[in-house]
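Student: Hi! I'd like a quick tour of this structure before I head back to the bench. Can we start with its open spaces?

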Amino acid sequence: MAIDVFLSVGQTASDRHRCFVEAIEQALAVRGFVPRTVRNIVGTPLPAIEREMRKCAGTIVVALERFHAPNAIELRGAGRQRIIENFNLPSIWIQVEATF
């Protein structure tokens with residue numbers, strides 16, 4: 001019997017991201033898991049995410065790069081600021097979905 005798992009993944013920004021997500025979906029499928037996700041929601045996605053997640057036995061969170069900052073300053077003006085170079089961040093939604 002197949003086991004539904006929620007696959008939390010943001011928009012794929014490149015072919016490399018898309019191929020990575022497809023490889024995860026295929027790896028899950030051959031092991032008897034059905035990856036479920038919510039995509040292209042108009043308006044607030046939270047109700048749809050929660051509905052889909054309630055059908056699942058577990059969650060896999062994939063944190064793809066969403067933002068890239070060549071140079072950034074953490075705690076600017078706080079007296080203990082730090083310069084960060086080549087900093088990447090995923091979508092904030094991974095935190096929301098992981099919390100559910």
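Tutor: Happy to. This is a predicted model, and its largest pocket holds about 420 Å³ of space.

Student: Which residues are closest to the centre of that largest pocket?

Tutor: Val 9, Gln 11, Val 38, Arg 39 and Asn 40 are the closest to the centre, out of 16 residues that line the pocket.

Student: And which helix gives the most to the lining?

Tutor: Helix 3 does, with three residues. Helix 3 covers 93–99, and strand 1 (3–9) also supplies at least two residues of the lining.

Student: How do the residues of that lining divide into nonpolar, polar and charged?

Tutor: Seven are nonpolar, six are polar and three are charged.

Student: OK, what about closed spaces? How many cavities of 30 Å³ or more does the structure hold?

Tutor: One. The space in the largest cavity is about 50 Å³.

Student: Which residues line the largest cavity?

Tutor: Gly 10, Gln 11, Val 62, Leu 64, Glu 65, Arg 66, Ser 91 and Ile 94. By class, that makes three nonpolar, three polar and two charged residues. Gln 11 appears here and in the lining of the largest pocket.

Student: Switching to helices. How far does helix 1 reach from its first C-alpha to its last?

Tutor: Helix 1 spans residues 15–30, which is 16 residues, and reaches 22 Å, close to the 22 Å expected at 1.5 Å a residue.

Student: Which residues of helix 1 are buried?

Tutor: His 17, Val 21, Ile 24 and Leu 28. Looking down the helix 1 axis, these buried residues fall within an arc of 55°, so they line one face of the helix. The spacing fits a general rule: an α-helix has 3.6 residues a turn, so residues three or four places apart point the same way.

Student: Nice. What covers the buried residues of helix 1?

Tutor: The cover includes strand 1, strand 2 (33–36) and strand 3 (58–62). On the other side of helix 1, Asp 15, Arg 16, Gln 26 and Val 30 are exposed.

Student: And what follows helix 1?

Tutor: Gly 32 does, and its phi is positive, near 90°.

Student: Last one, Glu 52. Buried or exposed?

Tutor: Glu 52 is buried, because its relative accessible area is 15% and the cut-off for buried is under 20%. Glu 52 sits in helix 2 (residues 46–54).

Student: What does Glu 52 touch?

Tutor: Leaving aside residues up to four places away in sequence, Glu 52 touches Phe 6, Arg 36, Thr 37 and Val 38. You've met Val 38 already, among the residues closest to the centre of the largest pocket.

Conventions. Residues numbered from 1 in each chain as written. Predicted model: local features only at pLDDT ≥ 70, side-chain atom pairs only at ≥ 80, totals over all residues. Heavy atoms only, no water. 1 Å grid on protein atoms, 1.4 Å probe; cavity = no way out; pocket = protein on both sides within 12 Å on 5 of 7 lines; lining within 4 Å. Points joined across faces, edges and corners; volume = space filled by probe spheres on them. Helix = DSSP H or I, 4+ residues; strand = E, 2+ residues; numbered from the N terminus. Nonpolar A, V, L, I, M, F, W, Y, C, P; charged D, E, K, R; others polar. Expected span 1.5 Å × (residues − 1). Buried < 20%, exposed > 50% of the residue type's maximum accessible area, 1.4 Å probe, protein only. Arc of directions from axis to C-beta. Contact = heavy atoms within 4.5 Å.
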